[in-house]
Amino acid sequence: AKEIEVTYYDKYGKLHELTATGLLCNAIQHEIDHLDGITFYDHLSPLKQQLLRKKLEKIRKRAL
């Protein structure tokens with residue numbers, strides 16, 4: 001998303017609302033993905049995931 005609205009609690013328990021765009025918007029979405037167990041790999045198409053698995057397997061074999 002290019003713009004998001006988030007509601008959050010600060011370290012004192014005070015409720016805040018924030019509208020974020022640009023880099024902050026991307027950073028918040030990235031961190032929410034981490035909290036939800038989603039990685040960059042999960043956003044790739046199945047074909048790109050397969051290509052990446054092959055590359056990683058080659059790297060793993062070279063490391064042994």
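**Exercise 1. Determine which residues Lys2 is in contact with, leaving aside its neighbours within four places in sequence.**

Solution. Step 1: contact means heavy atoms within 4.5 Å. Step 2: with neighbours within four places set aside, Lys2 is in contact with Ala20, Thr21, Gly22 and Cys25. Step 3: for Cys25, the C-alpha to C-alpha distance to Lys2 is 6.9 Å, although the two are 23 residues apart in sequence.

The model is predicted: local features need pLDDT of at least 70, side-chain atom pairs count only at pLDDT 80 or more, and totals for chains, interfaces and linings use all residues. Residues are numbered from 1 along each chain as its sequence is written, and side-chain values use heavy atoms, with hydrogens and water left out.

**Exercise 2. Decide whether Lys2 counts as buried or exposed.**

Solution. Step 1: buried means under 20% relative accessible area, exposed over 50%, and partly exposed in between (1.4 Å probe, protein chains only). Step 2: Lys2 counts as exposed because its relative accessibility is 77%. Step 3: Lys2 is placed in the segment before β1.

**Exercise 3. State the order of helices and strands, and describe how β1 and β2 are joined.**

Solution. Step 1: helices (H or I, at least four residues) and strands (E, at least two) are DSSP runs, numbered from the N terminus. Step 2: the protein has two helices and two strands, in the sequence pattern β-β-α-α. Step 3: two strands pair if DSSP finds at least two bridges between them. Step 4: β1 (residues 3–9) and β2 (residues 15–21) run antiparallel and are joined by seven bridges. Ile4 stands opposite Ala20 in β2, and Glu5 has Thr19 in β2 as its bridge partner. Step 5: the two strands form a hairpin with five residues between them, and Gly13 in the turn has a positive phi of about 85°.

**Exercise 4. Compare the radius of gyration of the protein with that of a compact globule of 64 residues.**

Solution. Step 1: the radius is taken over C-alpha atoms, and the globule rule is 2.2 Å times the number of residues to the power 0.38. Step 2: a compact globule of 64 residues would have a radius near 11 Å, whereas the protein has 18 Å. Step 3: the C-alpha trace spans about 50 × 25 × 15 Å along its principal axes. Step 4: of the 64 residues, 9% count as buried. Step 5: among contacts with a separation of 6 or more, residues 24 or more positions apart account for 12%.
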